[in-house]
Amino acid sequence: MRDFFKGFRMFGQGLGILLRSPRLLLIGALPALLTTLLLIGGVVALAFWIDDLSLLLTPFADDWSPGWQTTIRVAAGVAVFGVALAIAMIGFTAITLAVGGPFYEHIAEKVEDDLGGVPGAVDLSGWRLLVLGLKDGIALVLRSLLFTIPLLIAGFIPVVGQTVVPVLLALVTAWFLALELIAVPFYRRGMGLKQRRPLLRRHRALALGLGLPVSLLCLIPFAALIVMPVGFVGGVLVAREVLAAEAA
């Protein structure tokens with residue numbers, strides 16, 4: 001729990017850093033704005049069609065009694081919506097960081113310079129950051145499906161699907177978000193997803209402490225404009241903490 005709260009505090013420290021530098025906050029908000037508009041459009045469309053999707057997924061309940069039919073279809077709707085939000089959140093972060101690669105690399109450089117710099121930092125072009133961000137983002141979204149699909153199935157279970165499953169989805173989303181949020185500091189050190197995933201796994205509570213507030217706050221419309229750059233700066237702090245702990 002100590003590491004979890006440390007990760008949570010680093011999210012708060014990220015907010016403090018950006019409040020002292022509104023220019024960096026604005027730079028970080030620009031890529032998030034475009035992706036937020038796309039995400040909200042997708043969520044609205046999903047909400048509009050959720051009843052039809054629930055019917056499509058539960059043809060076996062057509063002959064059930066009205067009470068059980070409603071229960072299983074509400075469970076299906078909640079499960080589909082929860083899994084879609086988890087995947088969208090992970091994909092949202094991947095797209096935001098990929099599109100805004102140069103913006104976030106600039107923020108990372110400024111933040112890390114204030115913290116002592118990065119000896120031998122790799123100079124990354126905007127194109128290189130875009131390729132790395134998309135490649136790792138797709139890999140993480142696909143990997144997240146290994147968890148979200150079973151949770152989607154579990155969401156059909158009455159009571160459990162509306163209580164335990166949302167909690168597990170929040171934790172899964174937080175973990176994959178944390179892997180995305182610390183990406184650029186690792187890129188600047190010449191380290192990709194294969195290097196950062198095992199390192200962060202050894203500090204899982206720290207990662208969840210960062211990823212959980214980001215994932216939950218991003219559910220608020222347009223909050224991602226502030227939350228994403230704050231989470232990214234928190235990711236810089238978490239990355240430095242993890243690397244320092246591993247080097248010790």
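Is R189 buried, exposed or partly exposed? In this predicted model, R189 counts as partly exposed, because its relative accessibility is 24%. That value falls between the 20% and 50% limits that set buried and exposed residues apart. R189 makes a good starting point for a walk through the charged contacts, and from there we can move on to a helix and to the surface.

## Salt bridges

The count of salt bridges comes to seven. Three of them are set out here, with the N to O distance for each pair.

| Salt bridge | Distance, N to O | Separation along the chain |
|---|---|---|
| R188 and E105 | 3.3 Å | 83 residues |
| R189 and E112 | 2.6 Å | 77 residues |
| R196 and D136 | 3.3 Å | 60 residues |

Let us take R189 first. Its side chain meets that of E112 in a salt bridge of 2.6 Å, N to O. The two partners come from distant parts of the chain: R189 sits in the loop between helix 7 and helix 8, while E112 belongs to helix 4. E112 counts as buried because its relative accessibility is 0%, so this bridge joins a partly exposed arginine to a buried glutamate.

The R188 and E105 side chains form a salt bridge as well, at 3.3 Å from N to O. This pair also links distant parts of the chain, with R188 in the loop between helix 7 (183–187) and helix 8 (193–201), and E105 in helix 4. Both R188 and E105 are buried.

These contacts are part of something wider: E105, E112, R188, R189 and R240 are linked in a network of salt bridges.

The third pair in the table is R196 with D136, whose side chains meet at 3.3 Å, N to O. Here the link runs from helix 8, which holds R196, to helix 5 (residues 126–154), which holds D136. R196 is buried because its relative accessible area is 0%, and D136 is buried too, at 6%.

## Helix 9

How many of the 14 residues of helix 9 are buried? Ten of them are, so the helix is largely enclosed by the rest of the structure. The buried residues are L206, A207, L208, G209, L210, G211, L212, P213, V214 and S215.

The length of this helix can be checked too. Helix 9 covers residues 204–217, and at 1.5 Å a residue it should span 20 Å. Its end C-alpha atoms are 20 Å apart, which agrees with that expectation.

L206 is one of the residues in helix 9. With a relative accessible area of 3%, L206 is buried. The C-alpha atoms of L206 and W175 are separated by 9.8 Å, and the two residues are 31 residues apart along the chain.

## Surface patches

Which residues form the negative surface patch? They are E109, D113, D114 and D123. D114 lies in helix 4, which covers residues 101–114. D114 is exposed because its relative accessible area is 69%, a value over the 50% cut-off.

There is also a nonpolar surface patch of about 450 Å², made by I157, V160, V164, V167, L168 and L171. Among them, V164 has its place in helix 6 (residues 160–181). V164 counts as partly exposed because its relative accessible area is 43%.

Notes: Residues numbered from 1 in each chain as written. Predicted model: local features only at pLDDT ≥ 70, side-chain atom pairs only at ≥ 80, totals over all residues. Heavy atoms only, no water. Patch = residues over 30% accessible without salt bridge, like charges linked within 9 Å, V, L, I, M, F, W, Y side chains within 5 Å. Areas by Shrake-Rupley, 256 points an atom, 1.4 Å probe, with all protein chains shown as cover. Salt bridge = Lys/Arg side-chain N within 4 Å of Asp/Glu carboxyl O. Lys, Arg positive; Asp, Glu negative; His and termini not counted. Charge placed at Lys NZ, Arg CZ, Asp CG, Glu CD. Helix = DSSP H or I, 4+ residues; strand = E, 2+ residues; numbered from the N terminus. Buried < 20%, exposed > 50% of the residue type's maximum accessible area, 1.4 Å probe, protein only. Expected span 1.5 Å × (residues − 1).
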